[in-house]
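Okay, thanks everyone. I'd like to spend a few minutes on helices today, and on which way their side chains face. Have a look at this one with me.

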Amino acid sequence: MLKETGRTGLQGYADLHTHTQASDGMQPPAENVRIAFDKGLSAVAITDHDTVSGVAEALEAGRKYGITVVPGVEISTRAEGKEIHVLGYYIDTEQELFLSRLAAQRDTRAARNEAILARLRELGIEITLEQVLANLGRALKPDESIGRPHIADELVRLGAAADMRDAFDKYLAEGAAAYVSPPRITPEEACKWIIEAGGAPVLAHPGIYGDDELVRGIIARSGLRGIEAHHSDHSPQDAARYIVMAEQYGLLVTGGSDFHGARQDVIFHGDLGSVSVPADVLKQLRDAADNRR
């Protein structure tokens, strides 16, 4: 099912996991769409962390370039001590209840960021939120947020880390010196939010969690409609295992690059289009969303 290519044509394929400047990606939403067009993709999803503010711009760009843009989101949750991400596709991006829920999520993210920065200062690294924001090179919009990659950028600039990966390994990844995980909603709650917003919830990159029993438990307890078997950080063995799991639980199989753009000339996770799935999964996701309305 998976198709991974370089810059050759990807007609009939979709990258269902990309981030923009609305959260912790490097490009404006329209640029993600342009890149998808240049790669030959038929469709691309915009799945920013806890915000849908980039979707409208991407949809307009999709009309310009003649490719399908899937409105999406990636919601941060917590289960059994691990941070778990739930993707939502074809949500109503103007539903007031959903937007207010996402705003509360961003408030949690902002508090988490301040706690991370405080820990870094305790470790002797002079870093402030103002520095991180200044490093963006643009004003942050009210419904946008910063994430750990932005903090990693500043750590590299300060010389506290060699590159993005080093910053995460030393300070920002789970279990690292400045890692902070605030109380969050459960994956079940995120699925409920997505369903109530008319969308189809999908478990993001299950291989990253390193606990398939936890993954099975989340599936059993939640209203998930799919599982992201194909991801830049999954091995072929991971993908095969989650395809089998999807079959066992009657879930759709999705996939995407988790594209964030390049920092210090290094692409984090994967390049846009490097992981893609047949675009016919879009109809399945739309049908799943329609059935939940």
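I'll take two helices in turn, and keep in mind that this is a predicted model.

Let's start with H2, which runs over residues 55–65. Which of its residues are buried? That would be Val55, Ala58, Ala61 and Gly62. They cover an arc of only 120 degrees around the axis, so they sit on the same side of H2. Here's the background for that: an α-helix has 3.6 residues a turn, so residues three or four places apart point the same way. Flip to the other side of H2 and you find Ala56, Arg63 and Lys64, which are exposed. And what do the buried residues of H2 pack against? Helix H1 (29–39), plus strands E2 (43–46) and E3 (68–79). After H2 comes Gly66, with a positive phi, near 75 degrees.

Now over to H9, residues 236–249. Quick check on its length: with 14 residues at 1.5 Å a residue, H9 should span 20 Å, and its end C-alpha atoms are 20 Å apart, so that agrees. The buried residues here are Asp238, Ala239, Tyr242, Met245 and Ala246. Looking down the axis of H9, they fall within an arc of 125 degrees, which means they line one face of the helix. Turned away from that buried side are Pro236, Gln237 and Glu247, which are exposed. As for packing, the buried residues of H9 go against helix H8 (212–221), strand E6 (226–231) and strand E7 (252–256). Just past H9 there's Gly250, with a positive phi of about 70 degrees.

That's it from me, happy to rotate the view if anyone wants.

Methods. Residues numbered from 1 in each chain as written. Predicted model: local features only at pLDDT ≥ 70, side-chain atom pairs only at ≥ 80, totals over all residues. Heavy atoms only, no water. Buried < 20%, exposed > 50% of the residue type's maximum accessible area, 1.4 Å probe, protein only. Helix = DSSP H or I, 4+ residues; strand = E, 2+ residues; numbered from the N terminus. Arc of directions from axis to C-beta. Contact = heavy atoms within 4.5 Å. Expected span 1.5 Å × (residues − 1).
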